[in-house]
Amino acid sequence: MLKAVLMIFDEPWPENELETLGACPVCQSTDRTVLLNGLHDMAFRVAPGRWTLWRCGGCSAAYLDPRPAAAFIVKAYERYYTHGEGEVFRLDPPGPLDARTRFTTGVRNSWLNRRYGAKLPGAIPLGWLLAGLFSHRRRRVEQVIRHLPPTKGQRRVLLDAGCGSGDFLRIAGQLGYQAMGLDFDAEAVARGKAAGLDIRQGSLPGTGLPPESVDYITVSHVLEHLHDPVGTLKELYGLLKPGGCLWITQPNLSALGLKEFGIAWRGLEPPRHLTLFEPAGLMALLTGLGFERISLYDAVPHADFYYRQSLAQRIGQDPYQPGPTPGWSPEWDAKVAAADAAAAQDASLSEALTLTAWKPA
Ligand SMILES: [Zn+2]
């Protein structure tokens with residue numbers, strides 16, 4: 001009876017399924033302070049345990065210690081893929097579309113067809129001329145297509161490392177890339193293969209792919225989940241052809257939302273997020289690995305998602321429940337607008353950071 005009213009995180013993560021680090025998994029420094037204590041799985045509410053997030057005095061990264069050992073982390077993903085699968089973004093949305101969506105899709109696809117030599121349906125003739133009028137919308141589209149450079153008719157290989165069931169591979173393929181994906185989850189790989197996508201099962205690091213074989217690698221909300229982010233970045237550097245590019249997006253440790261919500265901030269997601277970076281720390285790490293021309297992208301407005309989810313988490317509710325956000329008020333709309341405005345001025349304050357880093361030619 002009692003068990004029914006206890007939450008899963010009131011149970012401890014089994015001691016023999018933990019690993020203790022004692023030092024930063026990024027730079028090995030033992031100089032550290034507690035950033036936040038008492039973290040627990042507020043997002044999917046499947047993982048037992050309470051967690052401590054440390055801030056490294058050496059490289060400014062934050063990391064859980066102790067953390068679930070790699071062999072047992074799968075337990076933290078039990079409900080993971082059942083969420084967030086509802087809406088897959090498509091450049092060719094299945095109809096019928098209302099007039100407004102038909103217009104915005106038509107302008108967007110006209111712009112993409114012209115820029116990428118693509119053949120996306122529904123493009124409005126000369127619609128690309130209007131794209132300049134909708135610069136906010138265009139920034140969002142550029143984020144969705146992960147800032148891909150046009151292939152200009154050349155053969156360009158893209159790897160989406162941690163691709164899930166491969167939604168982005170379809171988009172990259174439509175924009176002219178030879179797109180392949182890698183994921184550790186057998187079920188996701190099978191779903192993607194069934195949809196005709198080039199997906200392999202593999203780990204990070206440990207992709208098994210040949211060195212210098214890829215032009216563009218994307219890592220979307222993946223690095224923070226890995227036990228060995230530095231080993232992974234080294235391997236990805238090796239997979240890139242000279243002159244190739246690595247694109248990363250992930251929650252930002254210097255986000256305003258973290259200051260607002262503390263342990264309830266959605267970007268923390270313990271114990272699945274093991275390591276988090278500030279933009280400057282991640283850029284320094286990439287420089288040390290040999291990357292150059294590292295640049296942080298302007299933020300697209302994300303605060304609405306992060307603040308709504310964080311607020312639900314703070315009052316102990318499921319952030320994915322349908323309907324209005326519990327506890328939301330017009331005050332929160334104002335806070336979201338202020339957070340997005342601050343991030344638009346200074347991308348290092350955004351809820352999620354996006355950057356590209358190039359391998360020297
Ligand atoms: Zn460190």
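In the predicted model, glutamate 292 stands opposite tryptophan 358, a residue of strand E13. This pairing belongs to the contact between E13 and strand E12 (residues 292–296), two strands that run antiparallel and are joined by three bridges. Strand E13 itself spans residues 352–358 and is mostly covered, with six of its seven residues buried. E13 also pairs with strand E10 (residues 240–251), again in the antiparallel sense, here over seven bridges. Within this second pairing, leucine 355 of E13 is the bridge partner of isoleucine 248.

These strands are part of an open sheet of seven strands, arranged in the order E8-E7-E6-E9-E10-E13-E12 and showing mixed pairing. Its edges are formed by strand E8 (198–201) and by E12, each of which pairs on one side only. On average, and with direction ignored, neighbouring strands of the sheet are turned by 15° against each other. A parallel component is provided by strand E6 (residues 157–161) and strand E7 (residues 178–183), which pair over five bridges. In that pair, alanine 161 has leucine 182 of E7 as its bridge partner.

Two helices were found to lie across strands of this sheet. Helix H4 (residues 167–174) lies across E6, E7, E8 and strand E9 (214–220), and its direction makes an angle of about 165° with E7. Helix H8 (residues 279–288) lies across E12 and E13, running at about 165° to E12. Alanine 172 was examined for its contacts beyond the local sequence. With residues up to four places away in sequence not counted, alanine 172 touches Leu148, Leu158, Tyr177 and Ala179.

Alanine 172 also appears in the analysis of nonpolar packing. The largest nonpolar core comprises 83 residues, and those with the most contacts inside it are Ala61, Leu159, Ala161, Ala172, Ile217 and Leu246. Helix H9 (residues 303–314) supplies the largest share of this core, namely five residues. Both domain 1 (2–82) and domain 2 (99–358) contribute to the core, with at least three residues drawn from each. Ala161, one of the residues with the most contacts inside the core, is the residue whose bridge partner in E7 is leucine 182.

How values were computed
Residues are numbered from 1 along each chain as its sequence is written. This is a predicted model: local features need pLDDT of at least 70, side-chain atom pairs count only at pLDDT 80 or more; totals for chains, interfaces and linings use all residues. A residue is buried if 20 or more other C-beta atoms lie within 10 Å of its own, exposed if 12 or fewer, and partly exposed in between; C-beta atoms are placed from the backbone. Helices (H or I, at least four residues) and strands (E, at least two) are DSSP runs, numbered from the N terminus. Two strands pair if DSSP finds at least two bridges between them. A nonpolar core is a set of buried Ala, Val, Leu, Ile, Met, Phe, Trp, Tyr and Cys residues joined through C-beta atoms within 7 Å. Domain bounds come from an automatic or database domain assignment. Two residues are in contact if their C-beta atoms, placed from the backbone, lie within 7 Å. Axes are lines fitted to C-alpha atoms, for helices over the stretch in contact, and angles run from 0 to 180 degrees between N-to-C directions.
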